[in-house]
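Here's a walk through the model, one helix at a time. Keep the structure open beside you as you read.

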Number of protein chains: 2
Amino acid sequence: MSRPSDYTRNAILKAAIALFAEHGYDGTSVRAIVAKARVNQAAINYHFKGKEGLYFEVLKVAFEGYLRLDNFDPQRLKDMPREEALRSFVRQQLRPLLARDQMSRYIRIFAWENVRPSKVLANFVKTGAIPFLESATELVRRFLPPGTSDRDALCAAIALMGQCSVFVRNREQFTQPPFNLTIDEAFVSWLTDFISQLALNGIARGA
Amino acid sequence: MSRPSDYTRNAILKAAIALFAEHGYDGTSVRAIVAKARVNQAAINYHFKGKEGLYFEVLKVAFEGYLRLDNFDPQRLKDMPREEALRSFVRQQLRPLLARDQMSRYIRIFAWENVRPSKVLANFVKTGAIPFLESATELVRRFLPPGTSDRDALCAAIALMGQCSVFVRNREQFTQPPFNLTIDEAFVSWLTDFISQLALNGIARGA
DNA sequence: GCTGAATTCAAACGCTTGTTTGAATTTTCA
DNA sequence: TGAAAATTCAAACAAGCGTTTGAATTCAGC
C-alpha cells in the first residue's frame, strides 16, 4: 500500500476511535468521522468496506492496544495478590474518567460494548479474539469459593464490569444536575476503593 | 374528549410502553409504534405533539404505575428491616427478567433511562416527579455509616441500580452465546440474593 | 338533520443516515 | 515517460427518520 493512502486510513481510524469512544457505535455517524478526519465521504467505504468494517477494525485496534497494557497482562494479574489485582483492574476500568489518552478510549469503547453489544462485536468475537470479560471472570473467581459454577462467576464478573462501565459511559451525565459529581483524581481514587471494596466484601462473603 | 379518540390515544400509549421498554427511546421508531397500535402515522403528533411528547407521557404513566406498587411505597420500605427492604427492592428491579407484565415494562423503561437518560427525562424530572434514584439513595443510606456524604450515598445507589439494570436491559443478550444464562425463577432468586448480598456486605462494610 | 369541531387518513415533506457512482487525480512501476 | 492501478473527490442514491399537510370522515350539540 502507498503512503498517502495509509495516511487517510490512519486518519479515519484515529477519528473513529475518538468518536466511537465518546458516543458509541450508533451515536456516531460516518459524516462525523470523515469531518473529524478531514477526508472524503467515500473514503470509509473505500478503505474499510463500510461503517461496520471500520468499527470492526476499531475493535481490533482497541483490543490489541488493551492487551498491550501492563495492568491487563493476564500473567501479571495472576502474580499479584488477589486484592491488589482486583483494585488494579477496577482502577484501570475507571481510567477514562480522568485521562483522555488512547488507552482510555479503548476502554471506553469496550464499556459501550459491555452492556449493549453491537452485532459487529459478535463477529469480532467469533474471529478468535477473546472478550476481556473472560479475564474479569477469572479475576472474580479468585474471590469465590472453589467449585463455584461458571454461571455464578460470570454473573459476578458482569456485575463488576457493569459497576465500572456505568460510571465510564455516563461520565458527562454524572457531572451535571441532578448528580453534580466532581470527577477528579480524589474522586476516582475513592470510587476505585469503593467498587473494589464492594466486590471484595460482596463477592467473597456473599455468593 | 370523545370515546373513540381515547381509544386511539390508549392504543398508542400501550404500544409505546411495550416498545420503549423493549428497545429504549432511540431504538423505537414512531412507525413501529403506529404499526403495533394499528393507528395512523399522524396520530402520535395529533395526540401527543410528537415522539418526545409521547415519551413524556409514557414516563408519566410508568412513574405513576411504579409508585402504585406495594413494594416501592416509600413508607412500606422504611418500615421494613433494612435487609428485607434491600432484598425487596432488588427483587423488584429484577422483575422484568421473569414477568412480562405492565409493571415489568415500567421498570424496564427506567432501566433504560438509568444509564442513558434521554433529554425527555430531564424535562420530566423538572416537572416535579422525583426520580426513584432518590428512593434508592435513601435505601442505601440505611446501610452506610451515619454522616455519609450525599455523594457517597449517590454513588452507592448508582452502583446498585446499575447492577440490576445491566441484567434487565440486556436480558435477551445474556440468554445467548457466549453467556448462555438460563433465566428462570431459580436464577432470578439466586441473582436477587447475590446482588443483595453484594450490596449488603459491600456497602455496609466497605464504604 | 345541520353545523362546526374533533378526529382519522394517505401522502408527502425535510432531514439524516450509510452507501454508491463515475469522473478526476495521484501514485506506482516497467 | 507512459500506461495501469490506486486513490480521492463531489455528487447523488436509497432508505429510514420524525413531522406536516390538507382533505375526508366522524362526532357532539343545537
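Start with helix H6(A), where Leu86(A), Phe89(A), Val90(A), Gln92(A) and Gln93(A) are buried. Buried here means that 20 or more other C-beta atoms lie within 10 Å of the residue's own; 12 or fewer makes a residue exposed, anything in between is partly exposed, and the C-beta atoms are placed from the backbone. Those buried residues take up an arc of only 160° around the axis, so they sit on the same side of H6(A). The arc is that of the directions from the helix axis to the C-beta atoms.

A word on the ground rules: this is a predicted model, so local features need pLDDT of at least 70 and side-chain atom pairs count only at pLDDT 80 or more, while totals for chains, interfaces and linings use all residues. Residues are numbered from 1 along each chain as its sequence is written, and chains are lettered from A and ligands numbered from 1 in the order in which they are written.

Helix H4(A) tells a similar kind of story. Its buried residues are Leu54(A), Tyr55(A), Val58(A), Leu59(A) and Ala62(A). Looking down the axis of H4(A), they fall within an arc of 140°, so they line one face of the helix. Why does that kind of spacing work? An α-helix has 3.6 residues a turn, so residues three or four places apart point the same way.

Now for helix lengths. The expected span is 1.5 Å times one less than the number of residues, and the table sets that against the distance between the end C-alpha atoms.

| Helix | Residues | Expected span | End C-alpha distance |
|---|---|---|---|
| H6(A) | 82–93 (12 residues) | 16 Å | 16 Å |
| H4(A) | 51–67 (17 residues) | 24 Å | 24 Å |

For H6(A) the two values agree, and for H4(A) they agree as well.

Stepping back, chain A has 12 helices and zero strands. Helices (H or I, at least four residues) and strands (E, at least two) are DSSP runs, numbered from the N terminus. Of the 207 residues of chain A, 39% count as buried. Contacts need C-beta atoms, placed from the backbone, within 7 Å of each other. Among the chain A contacts between residues at least 6 apart in sequence, 66% join residues at least 24 apart.

Next, a helix pair. The axes of H9(A) (residues 133–141) and H10(A) (residues 150–169) come within 8 Å and cross at roughly 110°. That makes H9(A) and H10(A) roughly perpendicular, a label that covers 65 to 115 degrees (under 35 is roughly parallel, over 145 roughly antiparallel, the rest oblique). On the H9(A) side the contact uses Leu133(A), Ala136(A), Thr137(A), Val140(A) and Arg141(A), and H10(A) brings Ala153(A), Leu154(A), Ala156(A), Ala157(A), Leu160(A) and Met161(A).

Over in chain B, the axes of H9(B) and H10(B) also come within 8 Å and cross at roughly 110°.

Finally, two single residues. Is Asn123(A), with its 12 C-beta neighbours inside 10 Å, buried or exposed? With that count, Asn123(A) is exposed. Asn123(A) is part of helix H8 (residues 119–126) of chain A, and its C-alpha is 8.4 Å from that of Phe56(A), 67 residues away in sequence.

Gln197(A), in helix H12 (residues 185–206) of chain A, has 20 C-beta neighbours inside 10 Å and counts as buried. Between the C-alpha atoms of Gln197(A) and Arg100(A), which are 97 residues apart along the chain, there are 26 Å.

Technical notes
Contact = placed C-beta atoms within 7 Å. Axes fitted to C-alpha atoms, helices over the stretch in contact; angles between N-to-C directions.
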